[in-house]
Amino acid sequence: MKTLFISDLDGTLLNQNDSLSEKTIETISRLQEEGMYFTYATARSYATASIVAKGLVPSVPVILYNGATMIDAATGELIIHTGFSREDKDAMRDALEHLGLRPMVYAYVNGIEKVSYILSSCNDGMQYYLDKRSGDKRMRAVETDEDLWEGDSFYVTCIGDEELLRPAYEALRNDARFRITFQQEIYRKEYWLEIMPACVSKANAILLLKEKYGFDRIVSFGDSMNDIPMFEISDEAYAVENAADALKALATGVIESNEADGVAKWLDYHWQEELLLSGKLYDTSDALLASRRCLAHHLSKDYNDTYEEQTKERTVILKELLPHCYQNVYLQGPIQFDYGTHITFGPGCYANFNFTVLDAASITIGTGVFFGPNCTLAAPVHPLVAEERTFRRKANGDVYDWEYGRPIHIGDRCWIASNVTICGGVTIGENTVIGAGSVVTKDIPAGVLAAGNPCRVIRKITEEDRILPEEIRRKDIF
């Protein structure tokens with residue numbers, strides 16, 4: 001599993017001094033050296049983002065101007081740029097001029113990135129912005145509206161009092177041609193009205209990165225309202241403690257604030273689990289993994305101590321033990337899960353007595369899969385060479401070993417008969433039956449009967465294998 005970790009900058013990764021702490025730089029740089037894919041998404045330009053994020057070079061192109069451009073942080077090379085069409089730019093310009101607004105227009109003028117503004121129209125908020133960027137070669141003071149709107153524009157910002165900007169927000173917010181954000185500046189009184197092409201967002205840019213670089217999963221971090229689309233397309237999304245309440249409501253969880261290096265701490269704490277899910281060597285003594293194993297073992301015992309008619313109690317336990325377990329899943333018990341958090345059950349699954357799952361990798365079980373008694377799913381793998389497999393002791397006395405896991409996938413409507421062991425790295429196709437006592441070490445195709453040690457295909461399952469009368473064949477299926 002290949003995961004992209006992506007963070008907002010201001011208010012999320014940056015502290016109140018508009019900078020990265022040494023801890024954040026050291027942690028993320030070290031994790032990238034160990035194989036983590038990380039980048040940031042921001043409303044800033046490359047010129048300002050590279051200054052405030054100095055010392056950190058993301059391993060994946062950075063997303064700028066809320067998704068309008070993507071740039072290779074190591075080289076400054078432009079990867080993607082999305083601008084307004086001529087017609088859309090004219091419509092936006094007319095609406096703003098009608099309300100007496102002269103924005104800051106970000107555009108490529110003769111192939112060079114510029115931020116154009118009319119100096120005589122600057123208010124305190126705009127002047128504060130310009131003063132902070134003294135010496136920035138992108139800044140371009142102009143005198144006329146024609147010069148203001150020159151070039152291939154891709155991002156427009158109005159800065160000022162809420163009362164001044166809200167009419168423009170109301171006029172454009174429902175226009176399908178544009179993406180609008182309207183929010184107060186962090187640590188300042190003025191508001192920002194930001195206008196981009198409708199197709200531009202952090203979310204769409206992230207999806208482009210996901211496709212371009214083959215990521216399987218997105219984990220994001222943010223603090224403000226413009227991070228909502230990013231959160232909505234993420235597999236997991238975490239709001240820092242200082243985030244807007246609306247963003248916290250959408251988040252997978254709330255982490256420590258930007259001042260407390262919340263993102264870096266979360267990444268460091270979860271990194272060994274990411275290595276586990278990626279099929280790489282991981283440290284079994286890792287604090288997070290150890291705590292999750294301990295919880296899963298306790299919950300498995302709690303489940304085994306219930307009677308099968310105690311459905312409410314069992315439901316509560318499974319909800320905590322198996323967060324990715326869907327409806328109508330019945331586990332007879334006894335059960336034993338190593339983590340529980342790395343396995344997904346589709347609806348309508350059933351497991352008989354002594355169901356054991358060592359989910360040291362991603363395990364996916366489809367819809368309507370049946371398991372007989374004494375079945376084991378074993379994802380973890382130890383090194384074959386004895387000296388690499390042995391226990392080790394850290395300087396603090398902790399005992400650990402190196403392991404890695406290989407994913408298991410079982411397709412819809414499979415029947416895994418009694419005393420079957422399925423090893424890591426195996427995919428079993430849908431509608432297949434695995435005979436009793438089998439040890440499955442290699443992939444098994446769909447729609448077959450397979451058995452043996454090692455498990456091999458015996459034959460296809462055909463229409464001649466049907467035993468139910470026609471009149472009840474489809475009756476009462478859910």
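The following dialogue examines two helix packings and two pockets in a predicted model.

Trainee: What makes α12 roughly antiparallel to α13?

Mentor: Helix α12, residues 287-304, and helix α13, residues 311-321, pack at an angle of about 165°, and their axes lie 10 Å apart. Angles over 145 degrees count as roughly antiparallel, and therefore α12 is given that description relative to α13. The crossing of these two helices, α12 and α13, is left-handed.

Trainee: Which residues of α12 meet α13?

Mentor: On the α12 side they are Leu295, Ala296, Leu299, Ser300, Asp302 and Tyr303, and they meet Arg314, Ile317, Leu318, Glu320 and Leu321 of α13. The contact of α12 with α13 has 7 nonpolar, 1 polar and 3 charged residues.

Trainee: Why is Ser300 counted as polar, while Asp302 is counted as charged?

Mentor: Asp belongs to the charged class with Glu, Lys and Arg, whereas Ser is in neither the nonpolar nor the charged list and so counts as polar.

Trainee: Why is α11 called roughly perpendicular to α12?

Mentor: The angle between α11 and α12 is about 70°, with the axes 7 Å apart. The range from 65 to 115 degrees counts as roughly perpendicular, so α11 is described in that way with respect to α12.

Trainee: How do you know that α11 and α12 are in contact?

Mentor: Contact means heavy atoms within 4.5 Å. Tyr269, His270, Gln272, Glu273 and Leu276 in α11 meet Ala287, Leu288, Leu289, Ser291 and Arg292 in α12. By class, the residues of this contact of α11 with α12 are 5 nonpolar, 3 polar and 2 charged.

Trainee: What is the volume of the largest pocket, and which residues are closest to its centre?

Mentor: The volume of the largest pocket is about 1,200 Å³. The pocket is lined by 26 residues, and Arg413, Asn431, Arg466, Leu468 and Ile477 are the closest to its centre. The lining of the largest pocket comprises 12 nonpolar, 7 polar and 7 charged residues.

Trainee: What makes a residue part of a pocket lining?

Mentor: A lining residue has an atom within 4 Å of a point of the pocket. For the second largest pocket, with a volume of about 840 Å³, there are 32 lining residues, and Arg217, Glu236, His324, Thr341 and His342 lie nearest the centre.

Trainee: Which elements give two or more residues to the lining of the second largest pocket?

Mentor: Among them are α11, α12 and α13. The largest share of the lining of the second largest pocket, 5 residues, is from α11. By class, this lining of the second largest pocket has 14 nonpolar, 9 polar and 9 charged residues.

How values were computed
Residues numbered from 1 in each chain as written. Predicted model: local features only at pLDDT ≥ 70, side-chain atom pairs only at ≥ 80, totals over all residues. Heavy atoms only, no water. Axes fitted to C-alpha atoms, helices over the stretch in contact; angles between N-to-C directions. Helix = DSSP H or I, 4+ residues; strand = E, 2+ residues; numbered from the N terminus. Parallel < 35°, antiparallel > 145°, perpendicular 65-115°, else oblique. Left-handed = near helix turned anticlockwise from the far one by under 90°. 1 Å grid on protein atoms, 1.4 Å probe; cavity = no way out; pocket = protein on both sides within 12 Å on 5 of 7 lines; lining within 4 Å. Points joined across faces, edges and corners; volume = space filled by probe spheres on them.
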